[in-house]
Amino acid sequence: MQQKILIALLFLASIQLTAQTTYTGFIDKYSIEFITDLNLEGSADAIYAYSNYDTPIGISGSLNNKVLTFYEKDKTGKNTAKMTFENFNAKSKKLEGIWTDLNTKKELNITLSKTFEIEWGDNVEWKNKEILQRVSLKGKYFKLIVSKQKGDFYAKVTGVKILEKKTDKLLQQIDLECQLLGLNNISVDDYNFDGIDDFSVFEGGTAGPNTTSLYFLYNPKSGKYFESGFSGTSLEFDSKTKRISEHNQCCAGSSQINAEYKVVNNKMVLIKQTCLKLDIKTGVLKKVKCD
């Protein structure tokens, strides 16, 4: 549930974005791709990946007094490296800073050039921008394909590319139509409990906790991913019990539907469903017959 709430919050935050910007350049002599995601409150997320490896590294930080700072953490949550960009200007085509190893204090210069910026507004139109994603798979990484039509205020996800690490070879491209979160549109998990990681794409969300995603399963025979047809609201996957749970609520929580599924031949099979509605007199949710 915490993951679904986080996704919903990320969606709400994305509405207030000031910039999602992609840069290419170098840390010292090492070629990188660098994507920033800044919001109006000054908090910031970013991803960077060395071109020779293509494994995304997620970093987070803030913009204060024109100084943009990001921290890289290890698996325990300890800060291991820092990126600092002084006199940051979101409109500048160049970005220069310092990468610092917080253990050894070694410093390397960062030099970046802006590739593109996600622009918003009814009169803006562009096609097929690509955004690196925070998650990846063994030997593979993802890029969203994003387009913006006139008359639509926000951009939309129109596809996803699955690429081979180190070679950048295109392994598969899938057409989609989803809402844009940015760096976190894609998640990775074993959705059909076969021991092989699959991936999902955030499809849509509301101001409440309800979210939907598209789930793509891996076919070991073809080496490709296919859309599963899994559907439901705020789905959660439990690898221990090999069950999928669904939680759908509306009307400020006064009406709820909870369900549990198993997976049979890559299809969701309903095991049980519970429906609740608020009893106005007692103020308590009570079981009702599901329609």
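The following exercises, each with a worked solution, concern a predicted model.

**Exercise 1. The disulfide**

Task: Determine how many disulfides a search of the whole structure finds, which cysteines form a disulfide, and whether cysteine 275 is buried or exposed.

Solution.
Step 1. The search of the whole structure yields one disulfide.
Step 2. The partners are cysteine 275 and cysteine 290, whose sulfur atoms lie 2.0 Å apart. A pair of cysteine sulfur atoms counts as a disulfide when they are within 2.5 Å, so the pair of cysteine 275 and cysteine 290 qualifies.
Step 3. The link of cysteine 275 and cysteine 290 is right-handed, with 120 degrees about the S-S bond.
Step 4. Distant parts of the chain are linked by this pair: cysteine 275 belongs to strand 20, while cysteine 290 lies in the segment after strand 21, 15 residues apart.
Step 5. Buried means under 20% relative accessible area, and exposed means over 50%. Cysteine 275 has 8% relative accessibility and therefore counts as buried. Cysteine 290, with a relative accessible area of 21%, is partly exposed.

**Exercise 2. The five-stranded sheet**

Task: State in what order five strands form an open sheet, and explain why one side of strand 17 and of strand 21 is left without a neighbour in the sheet.

Solution.
Step 1. The order of the five strands is 17-18-19-20-21, and their pairing is antiparallel.
Step 2. Strand 17 (236–238) and strand 21 (284–288) are at the edges and have a single partner strand each, so one side of each lacks a neighbour in the sheet.
Step 3. On average, neighbouring strands of this sheet are turned by 25 degrees against each other, direction ignored.
Step 4. Five bridges connect strand 20 (residues 267–279) with strand 21 in the antiparallel sense. Aspartate 279 is placed opposite valine 284 in strand 21.
Step 5. Strand 18 (residues 243–250) holds glutamine 249. The side chain of glutamine 249 makes a polar contact of 3.2 Å with the side chain of histidine 247. Beyond its neighbours within four places in sequence, glutamine 249 touches Pro209, Asn210, Ser255 and Gln256.

**Exercise 3. Strands 10, 11 and 12**

Task: Find how many bridges join strand 11 to strand 12, and which residue in the turn of their hairpin has a positive phi.

Solution.
Step 1. Strand 10 pairs with strand 11 over eight bridges in the antiparallel sense; here serine 147 faces lysine 156 in strand 11.
Step 2. Strand 11 and strand 12 also run antiparallel, joined by seven bridges. Valine 157 stands across from cysteine 178 in strand 12.
Step 3. The hairpin of strand 11 and strand 12 has five residues between the strands, and lysine 166 in the turn has a positive phi of about 75 degrees.
Step 4. Cysteine 178 has 4% relative accessibility and so counts as buried.

**Exercise 4. The nonpolar cores**

Task: State how many residues the largest nonpolar core has.

Solution.
Step 1. The largest nonpolar core has 31 residues; among those with the most contacts inside it are Ile118, Ile131 and Phe216.
Step 2. Elements giving two or more residues to this core include strand 10 (140–148), strand 11 (156–164) and strand 12 (170–179).
Step 3. A second, separate core has 20 residues, including Phe85 and Trp99.

**Exercise 5. Lysine 105**

Task: Decide whether lysine 105 is buried or exposed.

Solution.
Step 1. Lysine 105 is found in the loop between strand 7 (94–101) and strand 8 (107–117).
Step 2. Its relative accessibility is 57%, so lysine 105 counts as exposed.
Step 3. The side chain of lysine 105 reaches the backbone oxygen of leucine 102 at 3.2 Å.

Note on methods. Residues numbered from 1 in each chain as written. Predicted model: local features only at pLDDT ≥ 70, side-chain atom pairs only at ≥ 80, totals over all residues. Heavy atoms only, no water. Core = buried A, V, L, I, M, F, W, Y, C linked by side-chain atoms within 4.5 Å. Buried < 20%, exposed > 50% of the residue type's maximum accessible area, 1.4 Å probe, protein only. Helix = DSSP H or I, 4+ residues; strand = E, 2+ residues; numbered from the N terminus. Polar contact = N/O pair within 3.5 Å; in protein donor to acceptor, adjacent residues only side chain to side chain. Contact = heavy atoms within 4.5 Å. Pairing = 2+ DSSP bridges. Axes fitted to C-alpha atoms, helices over the stretch in contact; angles between N-to-C directions.
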